[in-house]
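Open the model in your viewer and keep the selection tool handy. We will walk through it stop by stop, and at each one you will hear what to pick and what is there.

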Amino acid sequence: MTVTVHGLAVSRGVAIGRAVIVAATRLDVAHYFITPDQAEAEIERLRRARAVVVEDIVKVQQSLHELGSHDAHPELNALLDVHLMLLQDEQLTGAVKHWIRDRHYNAEWALTSQLEVVARQFDEMEDPYLRERKADLEQVVERMLRVMRGVGSAVAAPASDGRSGRETPLVLIAHDLSPADMLQFKQSVFTGFVTDVGGKTSHTAIVARSMDIPAVVGARSASHLIQQDDWVIIDGDAGIVIVDPSPIVLAEYGFKQRQGEVERERLQRLKSTPAITLDGQKIELLANIEQPEDAVAALKAGAVGVGLFRSEFLFMGRNGQLPDEEEQYQAYRRAVEGMQGMPVTIRTVDVGADKPLERNVVRENDYLNPALGLRAIRWSLADPAMFLAQLRAILRASAHGPVNLLIPMLAHVSEIRQTLALVQRAREQVAAAEQTVGEVRLGAMIEIPAAALTIPVFLRHFDYLSIGTNDLIQYTLAIDRADEAVAHLYDPLHPAVLRLIADTIEQANAQGKPVSVCGEMAGDVAMTRLLLGLGLRSFSMHPTQILAVKQQILRSDTSKLAAWAKTVLAADDPAALVVD
């Protein structure tokens with residue numbers, strides 16, 4: 001009987017194949033007390049388990065490098081680096097010693113107890129990408145527990161039987177998967193992924209996008225409903241999974257799959273084509289990256305620069321041991337050099353008191369609404385020493401290529417003045433150290449309605465603006481993107497949101513100041529024509545979205561879209577006029 005399972009579409013396309021089921025990996029953990037003289041032996045068990053997992057991940061990374069640059073996806077390496085970072089995090093492994101020595105818990109019990117503590121901190125994060133890194137933490141702990149239990153990997157390589165031999169396409173169905181588990185297989189084995197859990201920025205989604213294969217996540221009970229070897233269709237465009245499809249449905253999706261393959265081939269031919277509209281408007285297509293190594297994927301996708309380097313990924317999961325100036329400088333330098341002379345926009349750290357990197361004791365009230373708390377530039381201004389170290393590192397990196405400095409979440413003139421004063425002080429400190437600095441443009445993110453309503457102030461102080469649509473929508477509509485009860489109200493086409501975006505673009509263009517969009521709207525092909533009509537000429541997005549957006553640009557005439565965009569702005573229901 002045909003069954004349809006709904007989830008989140010995270011990587012476009014259609015995959016058809018036999019299901020390979022990976023059961024939920026959660027292990028039962030023994031809970032017992034140890035004697036004080038057993039504590040060091042338990043801690044040693046923990047150390048050995050961590051060492052084994054580190055060694056396994058390093059081996060996987062080495063195997064990726066051996067595949068060569070074509071197959072060694074930089075985003076997969078970056079995810080494995082996150083797992084290595086978590087394994088070295090003293091907040092995880094160091095704090096476990098407390099549970100062993102002071103509470104006399106056995107190692108497994110201590111490890112899972114600390115996992116619960118750190119996982120709660122991840123749950124409080126406002127940023128969905130950072131919040132979903134909790135899954136990476138859980139997988140690191142799971143791997144350590146397996147080592148201590150002497151249990152192998154949760155994933156076993158699919159066998160080739162006489163009926164569904166190696167030529168039969170396979171799709172992976174799991175509750176959740178770690179990057180290391182998925183990387184046990186060659187890229188060609190699985191044509192798609194389905195997981196019970198996860199969001200659009202979960203590690204499985206990132207892996208799927210980096211491999212350019214269809215994926216649906218958050219499909220709830222898919223791993224229980226689907227049986228081993230079932231025929232499965234994954235519709236990565238609609239976010240649905242069809243189990244045991246009828247011959248007619250199978251034929252329909254087979255045709256759609258072939259159409260998608262032809263379309264991907266056509267898009268690849270656009271890589272070297274300049275992004276110019278039918279009426280001759282040159283459009284700048286930039287990439288959003290999280291790690292220096294992501295520059296490889298940006299170049300491969302045809303990006304002409306990095307519009308957003310999220311520097312907070314250098315800070316997270318370190319238990320207060322923040323990266324010093326030299327470590328940051330080396331990371332920024334790798335990103336700048338990796339872009340081979342193209343500009344790199346580095347956003348200063350966008351975290352807050354609710355993040356696990358917080359060094360001080362967090363007040364209980366800070367958890368009431370972390371999105372409105374001490375985060376982004378507010379946190380940086382509250383810790384000038386930390387902020388100056390980052391500013392100096394970014395300024396030094398500019399000696400190796402063009403760098404733009406981007407400040408997040410500004411809203412007040414006082415914040416602007418403090419920020420500019422600290423940037424100037426950082427310049428003076430670098431100059432006093434006789435370190436080389438290139439030309440650095442200073443920009444502000446427009447992601448708070450108060451900022452969007454006072455654009456002239458920002459244009460007087462900054463060289464360029466970058467609209468962070470994700471937060472701008474959230475703050476304008478008072479919607480928590482992570483709250484499933486109200487997530488349906490998160491609407492990028494709300495008239496108020498569009499008016500703020502349109503006014504920002506219009507005023508920046510009038511002053512001759514560059515303006516870009518770096519939120520999800522920039523990579524949504526359904527929004528491309530509208531943003532062009534509003535006057536946007538610079539888009540920054542995930543590298544895998546660049547070619548699809550470029551295709552829309554090449555088919556667009558901005559002179560005609562401008563009048564249509566005004567109609568959309570004046571509409572009570574803009575969504576009715578914006579057609580994909």
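Two strands pair if DSSP finds at least two bridges between them. Keep that rule in mind for the opening stop, and note that this is a predicted model.

**Strands 1, 7 and 8**

Select strand 1 (residues 3–6) together with strand 8: they pair in the antiparallel sense over four bridges. Within this pairing, Val3 stands opposite Val243 in strand 8. Now add strand 7 (residues 231–235), which also pairs with strand 8 in the antiparallel sense, over four bridges. Here Val232 stands opposite Val243.

Show the side chains of strand 8 (residues 240–243) next. In a regular strand the side chains alternate between the two faces of the sheet. Which residues cover the two faces of strand 8? Ile240 and Ile242 are on one side, Val241 and Val243 on the other, and all are buried.

Step back to the hairpin of strand 7 and strand 8, with four residues between the strands, where Gly239 takes a positive phi near 75 degrees.

**Two residues with positive phi**

Most residues other than glycine have a negative phi, and most peptide bonds are trans. With that in mind, move on to Asp244, in the loop between strand 8 and helix 10 (247–268). Its phi is near 55 degrees, a positive value in a residue other than glycine. Is Asp244 buried or partly exposed? At 39% relative accessibility, Asp244 counts as partly exposed.

Then jump to Glu434, found in the loop between helix 15 (413–432) and strand 13. Glu434 is not a glycine either, yet it has a positive phi of about 60 degrees. This residue is exposed, with a relative accessible area of 72%.

**Strand 13**

From that loop, go on to strand 13 (residues 440–446). Six of its seven residues are buried, so the strand is largely enclosed by the rest of the structure. Add strand 12 (residues 403–407): five bridges join it to strand 13, and the two run parallel. To find one partner pair, pick Ile407 and look across to Ala444 in strand 13.

**A buried glutamate**

Select Glu312, in the loop between strand 10 (306–310) and helix 12 (325–338). How much of Glu312 is accessible? The relative accessible area is 1%, which means that Glu312 is buried. Expand the selection to its contacts, leaving out residues up to four places away in sequence, and you pick up Arg347, Thr348, Val349, Asp350 and Val351. A polar atom of the Glu312 side chain lies 3.4 Å from the backbone nitrogen of Asp350.

**The nonpolar cores**

In soluble globular proteins, nonpolar side chains tend to be buried together. The largest nonpolar core here has 95 residues, and those with the most contacts inside it include Leu285, Phe458 and Ile501. Colour helix 14 (residues 384–397), which gives the largest share of this core, eight residues. Apart from it lies another core, of 36 residues, among them Val60, Leu84, Trp99 and Met316.

Centre on Ile501 to see its surroundings: not counting residues up to four places away in sequence, Ile501 touches Ile467, Thr469, Leu472, Met521, Leu531 and Leu534.

**Rings and charges**

For the last stop, show the aromatic side chains. Ring pairs link Phe33, Trp99, Tyr105 and Trp109 into a cluster. Then select Arg396, which lies over the face of Tyr329, at 4.0 Å from the ring centre. Finish at Arg529, whose charged end sits over the ring of Trp564, 4.7 Å from its centre.

How values were computed
Residues numbered from 1 in each chain as written. Predicted model: local features only at pLDDT ≥ 70, side-chain atom pairs only at ≥ 80, totals over all residues. Heavy atoms only, no water. Core = buried A, V, L, I, M, F, W, Y, C linked by side-chain atoms within 4.5 Å. Buried < 20%, exposed > 50% of the residue type's maximum accessible area, 1.4 Å probe, protein only. Contact = heavy atoms within 4.5 Å. Polar contact = N/O pair within 3.5 Å; in protein donor to acceptor, adjacent residues only side chain to side chain. Phe/Tyr/Trp six-rings, centres within 6.5 Å; stacked < 30°, edge-to-face > 60°. Lys NZ or Arg CZ within 6 Å of the ring centre and 35° of its normal.
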